[in-house]
Structure formats: structure tokens, C-alpha cells
Amino acid sequence: MTTVPSINTALPGPKAKSIIDRDRTVVSPSYTRSYPLVIERGSGAMVEDVDGNVFLDCAAGIAVNATGHSHPDVVKAISEQAQKFLHMSGTDFYYEPQVRLAEDLAAAVPIDGGVRSFFGNSGTEAIEACIKLAKYAMKRDNIIAFLGGFHGRTLGSLALTASKAIQRRGFGPMMPGVYHAPYADCYRCPLGLDSKNCAAECLDYLEHQILVHLVSPDEVAAIVVEPIQGEGGYVVPPNQFIERLRELTTANGILLVADEVQSGMGRTGKMFAMEHTGVRPDMIAIAKGIASGLPLGVASARADVMTWPPGAHASTFGGNPVSCAAAVATLKLLKEQLIANTAAVGPHLKAGLESLKDKHPLIGDVRGRGLMVGVELVRDRKTKERAPEERDGVVNAAFRRGLLLLGAGKNAIRFSPPLVLTREQAETAVRIFDDALTDVEGDRGRA
Ligand SMILES: Cc1ncc(COP(=O)(O)O)c(C=O)c1O
């Protein structure tokens, strides 16, 4: 497959169109398809559709294909395991790939002391496990999460999710005992302060309002936080926000749970985004990139916290042996090559996107770490009026030019490519993004 995008048909092409027509009548309409991509195959950071069009992938199946599409080492690990056995349920029996992965994770996660891991199939299941374990271990009922946060869509995690109202609309009442505090979005400081002198004052509301008027700290089991908000708009809080959360949780005997479903597994140029802060959480939720695309979700916790007895929590498919084999191969690639690549190529991508600011007034903010980079689009840099339609337009224009992107939050665009992205591909992404912005600004000018 070529390493540069090439579009040779109208989009969608004829084969893609016929598959989309079939999908329309039989697949759940709840999915949010931003543009009509029908994939046939992928290799590295490139994707070919069913009509032979080739795209540069800066979406990676929502930040999942950490090692790129069908990395040969991962495919080898999958096929070797698939030939031995596909399933035996790690809930009732033992198999080495699950133990090996738990050992590798115990060595990799930034949690102090011994570490144990629970295996599910998805991000939301990782969060469900964290919620249940926190309640069980602490014998406390309440959980604190953050506005703008996304933690999944099953009914426990959905109660924590506070990203877009549509995600909760029609599904209430939510699980009780969940309180939301403001997140440190410094581009749009919830207190209107200047981010240069930030002392994470947004946490005052949690400390002096929520924990005083609404819930007693000794009844809070856990605070669940994304070290970088993903679905909420690739929002990077200052380190003092996470540091102060650790102080607050430690002082009140509350568990600190890092939701690294999106920010983990090398995406930010370190294995876990928490490592940029030096803060050690008590639990980490992991999914997405961990098995390069195979379904796997993990809740890793301090061993002295994960003490629930047999039967307290389990999952038939969780920790599937093929997914575990893919995860072991993924971790090895991340440690040996791809975290270093992410730490090198990420800033190059970010700098390229920042350089477009002079030319494109639509760009309000460029932020991120490693290959988790967000661009927030605004109609006016001074008022920061959000530009959601323009954002959708840019994502679509990029697709038509051969670059796969996804939106995040109301008006941001996320760049979350496979971690194999080269410098040249980062430059191609910036070039196409530049053209897509020009397309949309041209349309605005004509409107
Ligand atoms: C931070 C975070 N937590 C949890 C989830 C839920 O993961 P899943 O869709 O695998 O259930 C997501 C998904 O986007 C996420 O970004």
C-alpha cells in the first residue's frame, strides 16, 4: 500500500455506497459516522477503502490502533494464539497469556507497590470494574468525576460521563452518588482566570463546595479523572490540577482513579499520561490501544485495594487469550520502539499544526501531548465563539483529501494517529489539514 493518500473516486465510491446503503437499514442508528469511510484493509498508518482509495489515518479507530494497522508482530502473536485455542474464560480457568499480561502491566503501570489486574473487554468495562472495586474496597458509596469527562456508555460509567448531554439524554435516572466538578480546561478556564498563574483554583469548587455542601469526603470512594480529556476535546490540564487531586484524595482517604483508556498505552509519548505529572494513582482504567485493535479492557489497581473475593466480579470473555497475546506483543513494541517514536513525532506534528495559526483564524488553540493532539476551532479568537459546523466541515474536507480525522468535544478536532506515524506522514497530515481549513474558510467567505 502506498504511504501517501490517493483518492481516485467520488466519496463514497460505488462499493462503499452499496455497503453504506445496506448498513442503513440493519445497523443501529445510534452510531455517529462523521463521513462515509468503508475500510477494506490497513497497513501502518495507511488505510485503503473498498474502492481502492488510500487515506492517511490520524483517527486510528478512535485512538486504538497503537501499533498501526495489522502490525506483523501483533498479527503473528494473534495467529499463533488463535491456532492453540480461542477461549477458555480466564474467570474459571487459567492460561499463560493472561498471567503474562498481568505481569507486564504490573511492571508498566505507574502505581506504587504490588499491582493486580482485572480483565474485561472494553473501556466502559474497565471503568465499571474501577467503580465497583472502589465501592467494595472503601465501603463508601460516592464517586466524583469531572464535567467534560467521558468514561463510557454502560449505566455505571455513563453516570460518570459528562461530555455531551446527548450521551445521557433519555437514559436517566443515572446511578446515584455521582458528583461532577469542573475540569481544568485552561483555554476556557471555568473561573475565568489567567492560566499563567494557575493553582488549579477550579478544584476549590470540589474542595469547598461539593465536599462541604453535598457529600462528606469520608463517604467518597473515588475520584475518577482523565489525565487528558479525550472525547471532551483533548483538554490537557496543568500538572498542578492532578497533583492537587492527589493531595486531596490522600488527605481524605479517597482512591484516585486515572481513566487512561484514551491517553494510555504510549499515546502521549510515555506509557501512561499520568507519568507526565509524577502522580501515582491507586487504580488505572486501560483499553483502546492496549491490544492494537482486539477488544480488551483492564482495571489495574494497588494489590492491597484489589482484595475482592471470588465471585465479586468477573467476565466470561474478559481477558480473551487472543486479545492478551495481542496486548503482550503491543506492550513490547511500545516499549522497544513506539513510545520513543511518539515522543519524537508528536511535537513535530503539534509544531506543524501550531504553524498554521498565522494563516487560519479558525484555529483557536492547539494542545496535546505526544500523538494526542487537539485543535480547537473558533469563529473569533477573542470571544472564543465555538465553531462546531466549521469543525465538521474541516473533518469532512480532510476526508475528501485523504486524511482521516475525528472531532472531539463541541468544536475540536483530534489527531490520534497510530504510533508508527513518521515525520513525513505528520507533515502530510499538516498539509492536508491546511488545505481542508482553506476549503472551509473559502466556503465561509462565499456564504
Ligand atoms: C477516557 C475514556 N474512557 C472510557 C471510554 C469508553 O471506552 P469504550 O468505548 O471501549 O467502552 C472511552 C472511549 O472513548 C474513553 O475515551
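The legends below describe four close-up views of a predicted model. Residues are numbered from 1 along each chain as its sequence is written, and side-chain values use heavy atoms, with hydrogens and water left out. Because the model is predicted, local features need pLDDT of at least 70 and side-chain atom pairs count only at pLDDT 80 or more, while totals for chains, interfaces and linings use all residues.

**View 1. The ligand and its surrounding residues.** The ligand is surrounded by Ser122, Gly123, Thr124, Phe150, His151, Gly152, Glu226, Asp259, Val261, Gln262 and Lys288, where a residue is included if one of its heavy atoms lies within 4 Å of the molecule. By class, this shell holds two nonpolar, six polar and three charged residues, with Ala, Val, Leu, Ile, Met, Phe, Trp, Tyr, Cys and Pro counted as nonpolar, Asp, Glu, Lys and Arg as charged, and the others, Gly among them, as polar. A backbone N or O atom of glycine 123 lies 2.8 Å from an oxygen atom of the ligand, and a backbone N or O atom of threonine 124 also lies 2.8 Å from a ligand oxygen atom. For lysine 288, a polar side-chain atom lies 3.0 Å from an oxygen atom of the ligand. Taken alone the ligand exposes 390 Å², of which the protein buries 81%; accessible areas come from the Shrake-Rupley method with a 1.4 Å probe.

**View 2. Helix α8, residues 239-251.** Helices (H or I, at least four residues) and strands (E, at least two) are DSSP runs, numbered from the N terminus. The end C-alpha atoms of α8 are 18 Å apart, in agreement with the 18 Å expected for its 13 residues, the expected span being 1.5 Å times one less than the number of residues. Its buried residues (under 20% relative accessible area, 1.4 Å probe, protein chains only) are Phe241, Ile242, Arg244, Leu245, Arg246, Leu248 and Thr249. These residues pack against β5 (142-146), α7 (202-214), β7 (220-225) and β8 (255-259), with contact meaning heavy atoms within 4.5 Å. Just after α8, glycine 253 takes a positive phi of about 65 degrees.

**View 3. Proline 182 in the loop between β6 (178-181) and α7.** Proline 182 is buried, with a relative accessible area of 14%. Not counting residues up to four places away in sequence, proline 182 touches Phe146, Leu147, Pro190, Cys202, Tyr205 and Phe241. The C-alpha atoms of proline 182 and glycine 148 are separated by 8.1 Å, although these residues are 34 apart along the chain.

**View 4. Threonine 161 in the loop between α6 (155-160) and β6.** Threonine 161 counts as buried, at 0% relative accessibility. Leaving out residues up to four places away in sequence, threonine 161 touches Gly149, Phe150, His151, Gly152, Gln167, Arg168 and His180.

Definitions and conventions: Polar contact = N/O pair within 3.5 Å; in protein donor to acceptor, adjacent residues only side chain to side chain. Buried < 20%, exposed > 50% of the residue type's maximum accessible area, 1.4 Å probe, protein only.
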